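Student: I would like to go through this model one residue and one helix at a time. Please give the reasoning before each answer.

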Amino acid sequence: MVSLEDVRERAAVPETSSEVLETVLRLPEKYRQVVYLHYYEGYTAPEIGRILGKNVNSVYTLITRARQLLKQALGGEEFAT
């Protein structure tokens, strides 16, 4: 696992990925943690729940809300899934 602070020091990423990552890193911590663990580290919601000590349904809710915030911040439908 890599810390969020170390992510910026990784090899260069395409512009849109960089923009998304910067937006993720600006999310409030509770959202940033679940998004990073799920999308960048590849953990499942149950695994994230165990890591963060949260109920799996709470993790799903946090991911959904974080995606809504990212969609608003990035300004488009293209990032929604």
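Student: Which helix holds Thr23, and is Thr23 buried or exposed?
Tutor: This is a predicted model. Thr23 sits in helix H2, residues 15-26. Buried means under 20% relative accessible area. The value for Thr23 is 6%, so Thr23 of H2 is buried.

Student: Which backbone oxygen lies 2.8 Å from a polar atom of the Thr23 side chain?
Tutor: Apart from residues up to four places away in sequence, Thr23 touches Leu70, Ala73 and Leu74. The polar atom of its side chain has a backbone oxygen 2.8 Å away, that of Glu19.

Student: Why do the buried residues of H4 line one face of the helix?
Tutor: In H4, residues 45-52, the buried residues include Ala45, Ile48 and Gly49. Residues three or four places apart in an α-helix point the same way, because there are 3.6 residues a turn. Seen down the axis of H4, the buried residues line one face because they fall within an arc of 105°.

Student: Which helices do the buried residues of H4 pack against?
Tutor: Just after H4, Gly53 has a positive phi of about 70°. The buried residues of H4 themselves pack against H3 (29-40) and H5 (56-74).

Student: Which helix supplies the largest share of the largest nonpolar core?
Tutor: This core has 15 residues, and Leu27, Val34, Val35 and Val59 touch the most other members. At least two residues come from each of H2, H3, H4 and H5. The largest share is six residues, and the helix supplying them is H5.

Note on methods. Residues numbered from 1 in each chain as written. Predicted model: local features only at pLDDT ≥ 70, side-chain atom pairs only at ≥ 80, totals over all residues. Heavy atoms only, no water. Helix = DSSP H or I, 4+ residues; strand = E, 2+ residues; numbered from the N terminus. Buried < 20%, exposed > 50% of the residue type's maximum accessible area, 1.4 Å probe, protein only. Polar contact = N/O pair within 3.5 Å; in protein donor to acceptor, adjacent residues only side chain to side chain. Contact = heavy atoms within 4.5 Å. Arc of directions from axis to C-beta. Core = buried A, V, L, I, M, F, W, Y, C linked by side-chain atoms within 4.5 Å.
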